[in-house]
Amino acid sequence: MSKKEDYEQKAEALLAPIVEAEGFELVDVEYVKEAGEWYLRSYIDKPGGITLDDCEAVSRVFSEKLDEEDFIKEPYIMEISSPGLDRPLKKEKDYQRSIGKRVEIRTYRPIGKEKEFCGTLTAYDNNSVTIEEEGQALTFDKKDIALIRLAVEF
């Protein structure tokens, strides 16, 4: 297991009970390096959306737990936020809740000269995702998908 995965798993184990106690959902935890800085980012959600006060409440308790455990050795910035309207689909529950909704898919390599697709999510399993685009079913191998997220329509 990589250091990144280890940190993410440990952070998720500490954060999950805090988030659940508030009645929220823990959507994702990531440990990433951006512009020379390490970030421990956690995304939380609830029906109706997350507020700044919600993020602050979780952040305060989580920060104390991180200080107690002190398992991340290098300097980092901890962030708690909403996954946003265009949240990526990563976990089983994300796909399940998105059946029947419009999603955007970006592939690593062109498929039929295209790398971006948008349609209604109709099916998924461990290996594939199917959308309906203009009356046509398109199935993608998950390994070929760089990003799948809810489509934001205005």
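Tutor: A residue is called buried when its relative accessible area is under 20%, exposed when that area is over 50%, and partly exposed in between. The model before us is predicted.

Student: Why is cysteine 118 called partly exposed?

Tutor: Its relative accessible area is 24%. That value lies between the limits of 20% and 50%, so cysteine 118 is partly exposed.

Student: What makes cysteine 55 count as buried?

Tutor: Its relative accessibility is 10%. Because this is under 20%, cysteine 55 is classed as buried.

Student: How many disulfides does the model contain?

Tutor: The count comes to 0. A pair of cysteine sulfur atoms would have to lie within 2.5 Å to be counted as a disulfide. In general, a disulfide is a covalent bond between the sulfur atoms of two cysteines.

Student: Cysteine 55 belongs to H2. How do you know that the span of H2 agrees with what a helix should have?

Tutor: H2 has 18 residues, and at 1.5 Å a residue it should span 26 Å. Its end C-alpha atoms are 25 Å apart, which agrees.

Student: Which residues of H2 are buried, and what do they pack against?

Tutor: The buried residues are Asp54, Cys55, Ala57, Val58, Phe62 and Leu66. They pack against helix H1 (3-21), S2 and S3. In general, an α-helix has 3.6 residues a turn, so residues three or four places apart point the same way.

Student: What is the phi of aspartate 70, and where is this residue found?

Tutor: Its phi is near 45°, a positive value in a residue other than glycine. Aspartate 70 comes just after H2, in the loop between H2 and S3. With a relative accessible area of 46%, which is not over 50%, aspartate 70 is therefore partly exposed.

Student: Why is lysine 113 called exposed?

Tutor: Its relative accessible area is 80%. Because that is over 50%, lysine 113 is exposed. Lysine 113 lies in the loop between strand S4 (102-111) and strand S5 (114-124), and has a positive phi of about 70° although it is not a glycine.

Student: What makes tyrosine 31 and tryptophan 38 a stacked pair?

Tutor: A search of the whole structure finds 5 aromatic pairs. In the pair of tyrosine 31 and tryptophan 38, the ring centres are 4.5 Å apart and the planes differ by 10°. Rings pair if their centres lie within 6.5 Å, and planes under 30 degrees apart count as stacked, so this pair is stacked. Both residues belong to one aromatic cluster with Tyr7 and Phe71.

Student: Are tyrosine 31 and tryptophan 38 buried or partly exposed?

Tutor: Tyrosine 31 has a relative accessible area of 0%, under the 20% limit, so it is buried. Tryptophan 38, at 22%, is partly exposed because its value falls between 20% and 50%.

Student: Where does proline 88 lie, and which residues does it touch?

Tutor: Proline 88 is in the loop between strand S3 (77-81) and helix H3 (92-98). Not counting residues up to four places away in sequence, proline 88 touches Asp94, Leu147, Ile148 and Arg149. Proline 88 and alanine 146 are 58 residues apart in sequence, while their C-alpha atoms are 10 Å apart in space.

Student: Why is proline 88 called partly exposed?

Tutor: Its relative accessible area of 31% lies between 20% and 50%, so the term applies.

Definitions and conventions
Residues numbered from 1 in each chain as written. Predicted model: local features only at pLDDT ≥ 70, side-chain atom pairs only at ≥ 80, totals over all residues. Heavy atoms only, no water. Helix = DSSP H or I, 4+ residues; strand = E, 2+ residues; numbered from the N terminus. Buried < 20%, exposed > 50% of the residue type's maximum accessible area, 1.4 Å probe, protein only. Contact = heavy atoms within 4.5 Å. Phe/Tyr/Trp six-rings, centres within 6.5 Å; stacked < 30°, edge-to-face > 60°. Expected span 1.5 Å × (residues − 1).
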